[in-house]
Amino acid sequence: FLFIMGVLDFFKGLFAKEMPIEIEEKDLSLEEVPGFLDEKFTQQKATKDRIVELHRNIRVVIDETRDNLDVLKIAKLRNPNIGVKAKQIMEGNRESFIRRTQLFLDYLKHDPKEPTYETTQELCESFDEEVENYNKSTAKGFYVMQQFFANESRAVALNIKDLEKNVMQLNTIVAQQDLESKEKCVSLLEELKHRIQREQKFGLEQETLKHEKEKFEKAIDNYTRKRDKLKKSPGYGQFEKLQIEKEGLVKDIKEKENYIILQFSPLKHAFKKFSRMSVDELFVEQYSEDALKAFLHDKDMKIVGVLANMRKALIDESLQLKVEKKQKALDTFDKLTSEFFSQWKLGYDVIRDKKLSKERLLRSNTVMQEYNELQYRVEHYQQKSVKCDEKIAKFEKDKEKLSVSDVQKDLEKQLRNCTNVIVNVKL
């Protein structure tokens, strides 16, 4: 029995599901994220301090190298009795070695105060190639310098070796640490804070606009009620009656004007030709261009005499027209008599005087002035309300463009990647 139970336990263990690894989960506010990162990156912080120290060491070594180059530049030969050619070879190689070393030092870009992951990585990645090129280009010069200035050139070579050691230590640290992940977290955190601030600013602007819109809507309601109340008053009713009567008179005047224009229309061509024959050319020409205007200004009705002269000219053929136009003109002359013009003017003046009377009454009616003022205020505040809506909508679009939730998700993802903790960032 014990044997069977042991076998069963063996198979249970064999086929049992592997327990999932529990991942820590935290809810953090924006203010808590920096402390959380510092706690998780304590080792990295120490590493960053070491990186700063190594950059400072590099700066010191560069300064020492430049000082040693100055010493080499002014160094005197221990044996001044060497030949001229040997001296020329020495000077040429010394100048070349110093210049190439200075160029190599100038190339090294680093910040000993606030080095970043990117600048440190850039230095490490480029240094190997640069120092190899430097060694190749200065090999001959260094050999010559060793023959003439062994101590001085050796001091420079040791400086270059120290640079290599410091950069190698930097390279080891960069390869081992994930400082870039933390910097990304910090960058995303700052970006998220910035976008939240802008979102809050837009929100405050929207609230201000909403309050303004409420004031405008109250004003619209107030002036609309006053306007509608005025519209129901006896004074407004009287105004509307006067307005309708005036519009009717305007219509009657237009009809009478169209009628007189129609009566003169068959004579347009005849007027134009007759004006060249008439002693009063300008007067006749005005009738050819605008008969209604000319007739309304013709207080003495000189047109009656002109029409008689035109009729006579057509009959004795001193005024030449085509047969059809001539007959229409003669028929028109029969209608346009002195009596016709007098009756038309009398009716026209009566209607016009009535219209002017109505207009005077309308102008003296203060109800319409008050109504127009109220209507203006309603439209004025409606426009302001619409502009508020447009600005509120624009701020809403600007808030959407900020994509705060997307940056929040990116930060949470980056925090998990670099700390192995599920972090829910609470806004």
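**Figure 1. V350 lies in helix α14 of this predicted model.** Helices (H or I, at least four residues) and strands (E, at least two) are DSSP runs, numbered from the N terminus. V350 counts as partly exposed because its relative accessible area is 40%. Buried means under 20% relative accessible area, exposed over 50%, and partly exposed in between (1.4 Å probe, protein chains only). The C-alpha atoms of V350 and I253 are separated by 9.8 Å. Along the chain, these two residues are 97 residues apart.

Two notes apply to every view. Residues are numbered from 1 along each chain as its sequence is written, and side-chain values use heavy atoms, with hydrogens and water left out. As the model is predicted, local features need pLDDT of at least 70 and side-chain atom pairs count only at pLDDT 80 or more, while totals for chains, interfaces and linings use all residues.

**Figure 2. Helix α14 covers residues 338–364.** How far apart are the end C-alpha atoms of α14? They are 39 Å apart. This agrees with the expected span, because 27 residues at 1.5 Å a residue should also span 39 Å. The expected span of a helix is 1.5 Å times one less than its number of residues. Buried residues of α14 are F340, F341, W344, K345, Y348, I351, K355, E359 and L362. What covers them includes α8 (234–264), α11, α12 (303–315) and α13 (323–335).

**Figure 3. Ten aromatic residues, among them F340 and W344, form one cluster.** The members are Y259, F264, F271, F283, Y287, F295, F340, F341, W344 and Y348. The structure holds 19 aromatic pairs. Rings of Phe, Tyr and Trp (its six-membered ring) pair if their centres lie within 6.5 Å; planes under 30 degrees apart count as stacked, over 60 as edge-to-face and the rest as tilted. F340 and F341 make an edge-to-face pair, 5.5 Å centre to centre, with 65 degrees between the planes. Both F340 and F341 are buried.

**Figure 4. Two lysines place their charged ends over rings.** K302 sits over the ring of F283, with its charged end 4.7 Å from the centre. K345 sits over the ring of F295, with its charged end 5.0 Å from the centre. A charge sits over a ring if NZ of Lys or CZ of Arg is within 6 Å of the ring centre and within 35 degrees of the ring normal.

**Figure 5. The largest nonpolar core has 38 residues.** A nonpolar core is a set of buried Ala, Val, Leu, Ile, Met, Phe, Trp, Tyr and Cys residues joined through side-chain atoms within 4.5 Å. Which residues have the most contacts inside the largest core? They are L192, L415, V423 and V425. At least two core residues come from each of α2 (33–40), α7 (179–231), α8, α15 (366–402), α16 (404–419) and β2 (422–426). α7 gives the most, with 11 residues. A second, separate core of 33 residues includes I260, V306, W344 and I351. Contact means heavy atoms within 4.5 Å. Not counting residues up to four places away in sequence, L415 touches V33, F36, L37, C185, N420, V421, V423 and V425.

**Figure 6. F127 sits in helix α5 (residues 117–148).** F127 counts as buried because its relative accessibility is 3%. F127 touches F104, L108, L163, E164 and V167, leaving out residues up to four places away in sequence. F127 and I351 are 104 Å apart in space, C-alpha to C-alpha, and 224 residues apart in sequence.

**Figure 7. K399 belongs to helix α15.** Leaving aside neighbours within four places in sequence, K399 is in contact with E199, F202, G203 and Q206. K399 and R195 are 204 residues apart in sequence. In space, they are 8.8 Å apart, C-alpha to C-alpha.

**Figure 8. M301 and S403 have positive phi angles.** M301 is not a glycine, yet its phi is about 50 degrees. M301 lies in the loop between α11 and α12. S403 is not a glycine, and its phi is also positive, at about 50 degrees. S403 lies in the loop between α15 and α16. S403 counts as partly exposed because its relative accessibility is 24%.

**Figure 9. Confidence has its lowest element mean in helix α1 (residues 2–15).** pLDDT is the predictor's confidence in each residue, from 0 to 100. The mean pLDDT is 43 for α1, and the highest element mean is 94, for α11 (residues 291–297). Over residues 1–8 the pLDDT is below 50, and this stretch has zero contacts beyond near neighbours in sequence. For the whole protein, the mean pLDDT is 86, and 91% of residues reach 70 or more.
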